[in-house]
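The following exchange examines how several structural labels are justified. Each answer sets a computed value against the criterion behind the label.

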Amino acid sequence: MQLYRDDGIVLRTQKLGEADRIITVLGRTSGRVRAVAKGVRRTKSRFGARLEPFTHVDLMLHAGRSLDVITQAEVIRPYGEPLTGDYPRYTAGVAMLETAERFTPVEKEPALRQLLLLIGGLRALSDGEHAPGLVLDAFLLRSLAVAGYAPALQECARCGAPESGAPESGALRSGRRLPAFAVAAGGMVCASCRPPGAAAPAAPTVALMLALLRGDWDSADRSERRHRVECSGLVAAYLQWHLEHSIRSLRHVERVLWGYVRPTRTRAGRSRRTYLPSSSPGTSPW
């Protein structure tokens with residue numbers, strides 16, 4: 001078997017047999033990898049707690065036919081330690097791990113930008129400098145941007161008409177603007193292109209989305225709670241539309257951070273639970 005080394009974030013673990021686990025890691029050079037950690041569930045395992053979710057680890061692996069085998073693991077930084085005692089931050093972190101896995105569907109396909117986004121997001125969560133909901137939404141928006149699905153926020157997603165009075169850097173404000181956000185269209189749309197059922201977010205909500213995408217934390221931290229709730233609903237709906245799969249952990253985030261959820265209708269008549277109040281992307285600094 002070929003021996004190789006990589007570092008990455010542990011996304012999740014699964015029990016295998018009586019004492020082993022399958023560890024899913026998003027690696028720096030090898031992308032998403034599923035590997036077996038033998039004997040890790042035994043009390044005297046040489047791995048200890050090094051292969052737990054949220055942990056940035058340096059691994060030595062043997063390439064196998066179906067699953068690789070972890071032979072050595074060293075902790076670079078255990079991001080999970082500061083999160084386990086703070087449930088809002090923990091649930092946001094779980095949603096980030098699940099999203100990162102969804103955005104890397106092909107095993108062993110390099111996804112360096114996605115890994116760097118995840119490391120930056122987990123570092124921001126563990127440092128606690130920003131609200132967990134804002135960190136999560138910033139991570140989701142930038143992951144979408146890296147995948148080529150960045151929402152149009154300053155021009156019509158259908159006809160390309162520019163917004164008049166676009167929000168300036170450092171201020172969550174806007175002048176005459178695009179009136180609606182259409183998930184299926186790809187973002188904000190003008191009045192002529194507005195489809196039935198499109199959401200009508202407040203101007204500060206759109207400006208908040210733009211601030212999170214750009215890494216303008218001064219503006220994002222000053223945002224009001226109602227605009228954060230509305231922003232989270234739009235981001236969640238947009239994310240799950242493009243993934244064509246629900247992010248299960250977002251349900252817990254909704255309950256913990258905002259205290260409520262309500263179902264919305266999406267394409268093909270399917271109902272998804274998300275927040276939708278009535279009314280050079282992907283690489284920005286955290």
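Q: What volume does the second largest pocket of this predicted model have?
A: The second largest pocket has a volume of about 330 Å³. Of its 15 lining residues, Leu11, Arg12, Val94, Leu97 and Glu98 are the closest to the centre.

Q: Which element gives the most to the lining of the second largest pocket?
A: Helix H2 does, with 8 residues. S1, H2 and helix H8 (249–258) each supply at least two residues of this lining.

Q: How do the residues lining the second largest pocket divide into nonpolar, polar and charged?
A: The division is 7 nonpolar, 3 polar and 5 charged. Among the residues closest to the centre are Arg12 and Glu98; Arg and Glu count as charged.

Q: What makes the aromatic pair of Tyr87 and Tyr90 stacked?
A: Rings pair if their centres lie within 6.5 Å, and planes under 30 degrees apart count as stacked. For Tyr87 and Tyr90 the values are 6.4 Å centre to centre and 20° between the planes, so both criteria are met and the pair is stacked. Both residues lie in helix H2, 3 residues apart, about one turn of the helix. The structure holds 3 aromatic pairs.

Q: Why do strands S4 and S5 count as paired?
A: Two strands pair if at least two bridges are found between them. Because 8 bridges join S4 (residues 55–62) to S5 (residues 68–78), the criterion is satisfied. The two strands run antiparallel, and the bridge partner of Leu59 in S5 is Ala73.

Q: In what order do the strands close into a barrel?
A: The 5 strands close in the order S1-S2-S3-S5-S4, with mixed pairing. Neighbouring strands of this sheet are turned by 45° against each other on average, direction ignored.

Q: Which strands does helix H2 lie across, and which does helix H3?
A: Helix H2 (residues 87–102) lies across S1 (3–16), S2 (20–27) and S3 (31–37), at about 115° to S1. Helix H3 (residues 112–127) lies across S1, S2, S4 and S5, at about 65° to S1.

Q: What is the volume of the largest cavity, and which strand supplies the largest share of its lining?
A: Its volume is about 60 Å³. S1 supplies the largest share of the lining, 4 residues, and S1, S2, S3 and S4 each supply at least two.

Q: Why does Gly8 count as polar in the lining of the largest cavity?
A: Gly8 is one of the lining residues, and Gly is placed among the polar residues by the classification used, so Gly8 counts as polar. The lining divides into 5 nonpolar, 4 polar and 2 charged residues.

Definitions and conventions
Residues numbered from 1 in each chain as written. Predicted model: local features only at pLDDT ≥ 70, side-chain atom pairs only at ≥ 80, totals over all residues. Heavy atoms only, no water. Axes fitted to C-alpha atoms, helices over the stretch in contact; angles between N-to-C directions. Contact = heavy atoms within 4.5 Å. 1 Å grid on protein atoms, 1.4 Å probe; cavity = no way out; pocket = protein on both sides within 12 Å on 5 of 7 lines; lining within 4 Å. Points joined across faces, edges and corners; volume = space filled by probe spheres on them. Phe/Tyr/Trp six-rings, centres within 6.5 Å; stacked < 30°, edge-to-face > 60°.
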